[in-house]
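The following exercises are to be worked with the sequence and the three-dimensional model at hand. Each task is followed by a solution in steps.

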Amino acid sequence: MNLLSLLAVSGLLFLIGLAIVLVRRQLLFILMGIEVMLNGAVLAAVAAGQYWHSAGGQVMGLFIMLVAGSELAITLLLAMMSYRYLKTTRIDELNTLRDELSQEGELL
């Protein structure tokens, strides 16, 4: 594949991920959209590195995948905690940052 077609595919991946982030309200779907966007960025970096015969694109791709994995682990933990305490993962219902404790010290 040539550089232009790889960049077109990476741009399409990025746009699909952006559409998922903008349309969906569930936290897990937003995470999937962000991952699709990051995969588009990785594909563009690797394609550019391949075009210029440089390993920098592949190194950048590995770094982006490392950051994406870390981001995914932390966000999945936050989603699990929000579901455990608030019984929802919809982001329009997660707009309160206040803590209300019951008499026993548990979150309400």
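**Exercise 1. Determine how the span of helix α1 compares with the expected span, and which of its residues are buried or exposed.**

Solution. The model is a predicted one.

Step 1. Helix α1 runs over residues 3–23 and has 21 residues. From its first C-alpha to its last it reaches 30 Å, close to the 30 Å expected at 1.5 Å a residue.

Step 2. With under 20% relative accessible area as the criterion for burial, the buried residues of α1 are Leu6, Ser10 and Gly17. They cover an arc of only 35 degrees around the axis, which puts them on the same side of α1.

Step 3. The general rule is that an α-helix has 3.6 residues a turn, so residues three or four places apart point the same way.

Step 4. On the face of α1 turned away from the buried side are the exposed residues Leu4, Leu12, Leu15, Leu22 and Val23.

Step 5. The cover over the buried residues of α1 includes α2 (27–51).

**Exercise 2. State where serine 10 is placed, whether it is buried or exposed, and which residues it touches.**

Solution.

Step 1. Serine 10 belongs to helix α1.

Step 2. Its relative accessible area is 5%, so serine 10 is buried.

Step 3. When residues up to four places away in sequence are not counted, serine 10 touches Gly40, Leu43 and Ala44. Gly40 is itself among the buried residues of α2.

**Exercise 3. Describe the span of α2, its buried residues and what covers them.**

Solution.

Step 1. Helix α2 has 25 residues and reaches 36 Å between its first and last C-alpha, close to the 36 Å expected at 1.5 Å a residue.

Step 2. The buried residues of α2 include Leu27, Ile30, Leu31, Met37, Val42 and Ala45. Glu35 is also one of the buried residues of this helix.

Step 3. What covers the buried residues of α2 includes both α1 and α3.

**Exercise 4. Locate histidine 53 and lysine 87, and give the sign of phi and the exposure of each.**

Solution.

Step 1. The background is that most residues other than glycine have a negative phi.

Step 2. Histidine 53 has a phi near 50 degrees, a positive value in a residue other than glycine. Histidine 53 follows α2 and lies in the loop between α2 and α3 (56–86). With a relative accessible area of 76%, histidine 53 is exposed.

Step 3. Lysine 87 is not a glycine either, yet its phi is positive, about 60 degrees. Lysine 87 is found in the segment after α3. Its relative accessible area is 60%, which makes lysine 87 exposed.

**Exercise 5. Find how many salt bridges the structure contains, and characterise the side chains that meet.**

Solution.

Step 1. A search of the whole structure finds one salt bridge.

Step 2. In this salt bridge the side chains of aspartate 92 and arginine 90 meet, with an N to O distance of 3.4 Å.

Step 3. Aspartate 92 counts as partly exposed, at 40% relative accessibility. Arginine 90 is partly exposed as well, with a relative accessible area of 28%.

**Exercise 6. Assess the overall form of the chain from its helices, radius of gyration and spans.**

Solution.

Step 1. The chain contains three helices and zero strands, in the pattern α-α-α along the sequence.

Step 2. The chain has a radius of gyration of 19 Å, whereas a compact globule of 108 residues would have one near 13 Å.

Step 3. The C-alpha trace spans about 65 × 25 × 15 Å along its principal axes.

Step 4. Buried residues make up 21% of the 108 residues.

Step 5. Of the contacts with a separation of 6 or more, 49% are accounted for by residues 24 or more positions apart.

Step 6. One pair illustrates distance along the chain and in space: serine 70 and leucine 4 are 66 residues apart along the chain, and their C-alpha atoms are separated by 30 Å. Serine 70 lies in helix α3 and counts as partly exposed, at 39% relative accessibility.

**Exercise 7. State which helix has the lowest confidence and which the highest.**

Solution.

Step 1. The chain averages a pLDDT of 88, and 91% of the residues score at least 70.

Step 2. Confidence is lowest in α3, at a mean of 90, and highest in α1, at 95.

Step 3. As a general caution, where pLDDT is low, the predicted coordinates should not be read in detail.

Notes: Residues numbered from 1 in each chain as written. Predicted model: local features only at pLDDT ≥ 70, side-chain atom pairs only at ≥ 80, totals over all residues. Heavy atoms only, no water. Helix = DSSP H or I, 4+ residues; strand = E, 2+ residues; numbered from the N terminus. Expected span 1.5 Å × (residues − 1). Buried < 20%, exposed > 50% of the residue type's maximum accessible area, 1.4 Å probe, protein only. Arc of directions from axis to C-beta. Contact = heavy atoms within 4.5 Å. Salt bridge = Lys/Arg side-chain N within 4 Å of Asp/Glu carboxyl O. pLDDT = per-residue confidence, 0-100. Rg over C-alpha atoms; globule rule 2.2 N^0.38 Å.
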